[in-house]
Amino acid sequence: MVNIKSFYHAYSSTISYIVFDKLGGHAIIIDSVLDFSLSSGKIWSEFADNQIAFLKKNKLTLDWILETHAHADHLSAAHYLKSELGGQTAVSAGITKVQQTFKQIFNISDQELLATGDVFDVLLSSEQVINFGQLSVLVLATPGHTNDGLTYLVEDNAFIGDTLFMPDGGTARCDFPGGDASTLFDSIKLIHNLPEETKLWVCHDYQPNGRQLNYTTTVAESKRDNIHINGKTSKAEFIQLRQSRDENLAVPELLYPALQVNIRGGKLPSAEPSEQVFLKIPIKQNLFYPEK
Ligand SMILES: [Fe+2]
């Protein structure tokens, strides 16, 4: 039997999931979050600790710590969870491209980080199956928002990351490096081709128009009601809509901190000789010193 416990991280509007087979059995965590204050630089683990407490209370063994993609809006708690509880961390094999891209942007040395995915225990490919207790996860590649997007299918529950949001939330942006609206359209079609009753569990809910938090829908509902793409939307229509929206979206507040930590599997950069750890922000100088 599939048991699902959701955890909502209000600051980043992220929903993280613990999936387990039975009390006293085996579990996976999908998309956990490390708490972070941009203004103070403080990092803490209240959110992940709540998940750890849930696992301990229910005597669950954590087998897998999974990411649907390299997130740009929150820091992953994968490394912290592994250090506290064990389990294997896993992401898409596509993470190596994300690492390559952001290694260049942040000028990270090979000594500091190789773009081989070796900071994760397992790199996943589409159609791969991983097991926990009496359950298994079918991995489906669903790129487009990023090039490393994965959907995790546990029986009739699809954890779809940032492909689709709730029907009134539409779809995820495609303007990050490696993002592509045409590719996202194909990934959404793959999700929409799952059986109609398949439950879709989203990674974010921004509560449009102030409605109550909600993070699960079905393939049938998504195909019928999603405001960006329904069963009849053509690829050209979707690309046009997605690209015109992306042109006007702000950069996520935690983009640079999140990517620096998440391409390291949730580890922080090495400390400087003073033992202080820093995160970088690439400066676009021409914005601050315009020609007169
Ligand atoms: Fe995302």
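**Figure 1. Asp156 and Lys199 in the predicted model.** Asp156 is partly exposed, at 33% relative accessibility. The structure shown is a predicted model. The side chain of Asp156 meets that of Lys199 in a salt bridge, with an N to O distance of 3.9 Å. The two partners come from distant parts of the chain, 43 residues apart: Asp156 lies in the loop between strand 12 and strand 13, and Lys199 lies in strand 14 (residues 199-201). Lys199 is partly exposed as well, with a relative accessibility of 34%.

**Figure 2. Salt bridge between Asp186 and Lys235**. The closest N and O atoms of Asp186 and Lys235 are 3.1 Å apart. This pair also links distant parts of the chain, joining Asp186 in helix 4 to Lys235 in helix 6 (residues 235-246) across 49 residues. Asp186 has a relative accessible area of 41% and is therefore partly exposed. Lys235 is partly exposed at 30%.

**Figure 3. Salt bridge between Arg224 and Asp225**. The closest N and O atoms of Asp225 and Arg224 lie 2.9 Å from each other. Arg224 counts as exposed, at 58% relative accessibility, whereas Asp225 is partly exposed at 34%. Elsewhere, Asp168, Asp205 and Arg211 are joined into one network by salt bridges that share partners. The whole structure holds eleven salt bridges.

**Figure 4. Iron site formed by His69, His145 and Asp162**. The iron ion is coordinated by NE2 of His69, NE2 of His145 and OD of Asp162, at 2.0 to 2.4 Å. Along the chain, the donors follow the spacing H-x75-H-x16-D. His145 and Asp162 are 17 residues apart, with His145 in the loop between strand 11 (135-141) and strand 12 (150-154) and Asp162 in the loop between strand 13 (157-159) and helix 4 (181-192). His145 has a relative accessible area of 7%, so this residue is buried. Asp162 is buried too, at 8% relative accessibility.

**Figure 5. Surroundings of Gln99 in helix 3**. Gln99 belongs to helix 3, which spans residues 95-106. Gln99 counts as buried because its relative accessibility is 0%. Beyond neighbours within four places in sequence, the contacts of Gln99 are Leu113, Leu114, Ala115, Thr116, Gly117, Val119, Phe120 and Ile263.

**Figure 6. Surroundings of Gln88 in strand 8**. Strand 8 covers residues 88-92 and includes Gln88. With a relative accessible area of 34%, Gln88 is partly exposed. Excluding residues up to four places away in sequence, Gln88 touches Asp63, Trp64, Ile65, Asp121 and Val122. The C-alpha atoms of Gln88 and Ile65 are separated by 5.9 Å, although these residues are 23 residues apart along the chain.

Methods
Residues numbered from 1 in each chain as written. Predicted model: local features only at pLDDT ≥ 70, side-chain atom pairs only at ≥ 80, totals over all residues. Heavy atoms only, no water. Helix = DSSP H or I, 4+ residues; strand = E, 2+ residues; numbered from the N terminus. Buried < 20%, exposed > 50% of the residue type's maximum accessible area, 1.4 Å probe, protein only. Contact = heavy atoms within 4.5 Å. Donors = N, O, S within 2.8 Å, 3.2 Å for Na, K, Ca; no water. Salt bridge = Lys/Arg side-chain N within 4 Å of Asp/Glu carboxyl O.
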